Amino acid sequence: MRVLVLHSHPQEHSFGRALYRKTCESLAKAGHEVDGCNLYEEGFDPVLSARDRDIYHTVPDNRELVDNYCERLLAAEGLVICTPVWNFGFPAMLKGYFDRVWLPGVSFHLEDGTLTPTLRHIRKMAAVMTYGGSRWRAFLVGDPPRKVVNRVIRAQIKIGAPVKYLAHYDMNNCTPASTGAFLEKVGKEMERF
């Protein structure tokens, strides 16, 4: 299975980068073809410009600056999002990826006001997330990233596709034992993906 792994953490020597590496290595070990998309290293521009917005609904012109990313998404059979959660949301880099790449004609068709998802070829999905705050604090604010993954993105991929949400909460108070255990858990889950 071809698996697109989206990563959005700027620091090379971070726990987030270690999770990304472990995710890619474990998927490859399980026999998957891994397309690691490290948005920072690739120099992805997350800004939806005035021009991008002007042509947003003009298919296929709307893909002109992000066509490579669109093609990679359309080729994927599996999707893994590996990112930190900042201020209880996706980092701007990842949010910009969704705004600029998940376009009409790519992730959905829009006709007469009716939206039809077009990512039904994605048969499995997982999210590997780290939160600075505790699970309780995330719960109090509604845990938006969890809802986006489990409700919004899930509705766009194959109906009934399995979705796994792996989260390490309270990174502000983490220990080598807690991060080590989470890294091991991610590795095992990705080998079963």
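Which side chains meet in a salt bridge at 2.4 Å, N to O? In this predicted model, the pair consists of Arg 2 and Glu 33. The contact joins distant parts of the chain, since Arg 2 belongs to strand β1 (residues 2-7) and Glu 33 to strand β2 (residues 33-38), with the two positions 31 residues apart in the numbering. Both partners are partly exposed: the relative accessibility is 22% for Arg 2 and 46% for Glu 33. The two residues also take part in a network of salt bridges that includes Asp 35, Glu 42 and Arg 72. In total, the structure holds 19 salt bridges.

Two further salt bridges involve helical or C-terminal positions of the numbering listed here. In helix α4, a salt bridge is formed by the side chains of Lys 95 and Asp 99, with an N to O distance of 2.7 Å. Because these residues are four apart in the helix, about one helical turn separates Lys 95 from Asp 99. Lys 95 has a relative accessible area of 41% and is partly exposed; Asp 99, at 27%, is also classed as partly exposed. The salt bridge between Glu 189 and Arg 192 has its closest N and O atoms 3.0 Å apart. Here the partners fall into separate classes: Glu 189 is buried, at 16% relative accessible area, whereas Arg 192 is exposed, at 57%.

Asp 99 also appears in the description of the largest pocket, being among the lining residues closest to its centre. This pocket has a volume of about 210 Å³. Its lining comprises 13 residues, and those closest to the centre are Phe 98, Asp 99, Trp 102, Val 152 and Gln 156. Helices α4 (92-101) and α6 (144-153) are the elements that contribute two or more residues to this lining. By class, nine of the lining residues are nonpolar, two are polar and two are charged.

Enclosed space was examined separately. Two cavities of 30 Å³ or more were counted. The largest cavity holds about 70 Å³, and its lining is made up of Leu 48, Asp 52, Ile 55, Tyr 56, Asn 62, Glu 64, Leu 65, Val 66, Arg 100 and Leu 103. Six of these residues are nonpolar, one is polar and three are charged.

The second largest cavity has a volume of about 30 Å³. The residues that line this cavity are His 7, Gly 16, Leu 19, Cys 82, Thr 83, Pro 84, Val 128 and Thr 130. Two or more lining residues come from each of α1 (15-29), β3 (78-85) and β6 (124-131), and β3 gives the most, with three. The lining divides into four nonpolar and four polar residues, with no charged residue.

Thr 130, one of the residues lining the second largest cavity, has its C-alpha atom 9.9 Å from that of Phe 182, although 52 residues separate the two along the chain. Phe 182 lies in helix α7 (residues 176-191). With a relative accessibility of 6%, Phe 182 is therefore classed as buried.

On the surface, a nonpolar patch is formed by Trp 136, Phe 139, Leu 140 and Val 141. Together these four residues present about 470 Å² of accessible area. Within the patch, Phe 139 is located in helix α5 (residues 135-140).

Methods
Residues are numbered from 1 along each chain as its sequence is written. This is a predicted model: local features need pLDDT of at least 70, side-chain atom pairs count only at pLDDT 80 or more; totals for chains, interfaces and linings use all residues. Side-chain values use heavy atoms; hydrogens and water are left out. On a 1 Å grid over the protein atoms alone, a cavity is a set of points where a 1.4 Å probe fits but cannot get out, and a pocket is an open set with protein on both sides within 12 Å along at least five of seven lines; lining residues have an atom within 4 Å of a point. Grid points are joined across faces, edges and corners, and a volume is the space filled by probe spheres set on the points. Ala, Val, Leu, Ile, Met, Phe, Trp, Tyr, Cys and Pro count as nonpolar, Asp, Glu, Lys and Arg as charged, and the others, Gly among them, as polar. Patches are made of residues with over 30% relative accessible area and no salt bridge: like charges are joined within 9 Å, nonpolar side chains (Val, Leu, Ile, Met, Phe, Trp, Tyr) within 5 Å. Accessible areas come from the Shrake-Rupley method with a 1.4 Å probe; for residues, only the protein chains shown count as cover. Buried means under 20% relative accessible area, exposed over 50%, partly exposed in between (1.4 Å probe, protein chains only).
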